[in-house]
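Dear colleague,

Here is the structure I promised to pass on to you. Please have it open while you read, since the notes that follow go through it piece by piece.

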Amino acid sequence: YMVCGLCCATSPTPTKMFTITQDDLWKAWRALYSGKPKRKRKYSRGVDNVSVEDFKDRETEYINEIYCQLKGGFFKFKPLKEYLKPRPGKEPRLIQAPTVTDRIVQKVISDHLMKQFLNLFKKSGIIGSVQGTSIKKALNKALNYHTCGLVYLLKTDIKNYYPTIDPKRMRKIFYRHVHDRNLRVFLMII
């Protein structure tokens, strides 16, 4: 049995799984919040009511806690906290905020998947949040298509898209493309 003092829990030693190191967690934490102005963090408290500033005050303790939960195999994503963000002259926008902890774990997973699928994303022309892409590159690509005789451009921004994704269907698609057994097991338990 493995005991983690920070987690106050005992669990059977897990089988080898997709590995997230403490260094991965620290990199994700810094990437997510190092340069973000406080005014952009108004809606950053999740259901645990821990703000970015609260997390920063005890970052070592929180990072160790996340690591312990992941390593022990009992990390679970928490429900999203909903906010209505006022917008001048428009209806309020629904914001669904994960906890800071969940964002960090999501960032680590996202970075790992991005490494696996980067070439596929670049070939497809996807530009949002993909390393090595930019609006300028997308515009140049569109102009090249135009000079070749292609005159239509489709731009999409699907409102309220993410809350409509069926997790079971997403998992099925994911498993079709991700062959890393350890990552599959990891994502099944969280």
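How much area does the protein expose, and what share of it do carbon and sulfur atoms supply? The model, which is a predicted one, exposes about 14000 Å², and 56% of that area comes from carbon and sulfur atoms. Of the 190 residues in the protein, 27% are buried.

As for the overall layout, the protein has 7 helices and 4 strands, and if you follow the chain from the N terminus you will meet them in the order β-β-α-α-α-β-β-α-α-α-α. When contacts with a separation of 6 or more are considered, 61% of them join residues that stand 24 or more positions apart.

The aromatic rings are a good place to begin with the details. A pair of aromatic rings is described by the distance of the centres and the angle of the planes. The count comes to 4 aromatic pairs. In one of them, Trp29 with Tyr33, the ring centres lie 5.2 Å apart and the planes meet at 50 degrees, so this pair is tilted, an angle between 30 and 60 degrees being what that word requires. Both residues belong to helix 1, where they are 4 residues apart, about one turn of the helix. Trp29 is buried, with a relative accessible area of 5%, and Tyr33 is buried as well, at 6%. Trp29 also forms a tilted pair with Phe55, with 4.5 Å from centre to centre and 45 degrees between the planes. Because Trp29 lies in helix 1 and Phe55 in helix 2 (residues 52–57), this second pair ties together parts that are 26 residues apart in sequence. Phe55, like Trp29, is buried. Taken together, ring pairs link Trp29, Tyr33, Phe55 and Tyr62 into a cluster.

Next come the charged residues. Side chains of opposite charge can pair when their charged atoms come close. The structure holds 4 salt bridges, and one of these joins Lys27 to Asp23, with 3.3 Å from N to O. These two residues sit in helix 1 (residues 22–33), and because they are 4 residues apart there, about one helical turn separates them. Lys27 counts as exposed, at 52% relative accessibility, while Asp23 is partly exposed, at 43%.

Another salt bridge connects Arg45 and Asp54, whose closest N and O atoms are 3.3 Å apart; Arg45 is partly exposed, with a relative accessible area of 31%, and Asp54 is partly exposed too, with 30%. The side chains of Arg58 and Glu61 also meet in a salt bridge, at 2.8 Å from N to O. Here Arg58 is partly exposed, with a relative accessible area of 40%, and for Glu61 the value is 40%.

Finally, is Thr99 buried or exposed? Thr99 is buried, since its relative accessible area is 0% and the cut-off for that word is under 20%. You will find Thr99 in the loop between strand 4 (90–97) and helix 4 (100–124). A polar atom of the Thr99 side chain lies 3.0 Å from the backbone nitrogen of Asp102. Leaving aside residues up to four places away in sequence, Thr99 touches Gly46, Val47, Asp48 and Lys78.

With best wishes

Key:
Residues are numbered from 1 along each chain as its sequence is written. This is a predicted model: local features need pLDDT of at least 70, side-chain atom pairs count only at pLDDT 80 or more; totals for chains, interfaces and linings use all residues. Side-chain values use heavy atoms; hydrogens and water are left out. Buried means under 20% relative accessible area, exposed over 50%, partly exposed in between (1.4 Å probe, protein chains only). A polar contact is a pair of N or O atoms within 3.5 Å; within protein, one must be able to donate a hydrogen and the other to accept it, and residues adjacent in sequence count only if both atoms are side-chain atoms. Contact means heavy atoms within 4.5 Å. Accessible areas come from the Shrake-Rupley method with a 1.4 Å probe; for residues, only the protein chains shown count as cover. Rings of Phe, Tyr and Trp (its six-membered ring) pair if their centres lie within 6.5 Å; planes under 30 degrees apart count as stacked, over 60 as edge-to-face and the rest as tilted.
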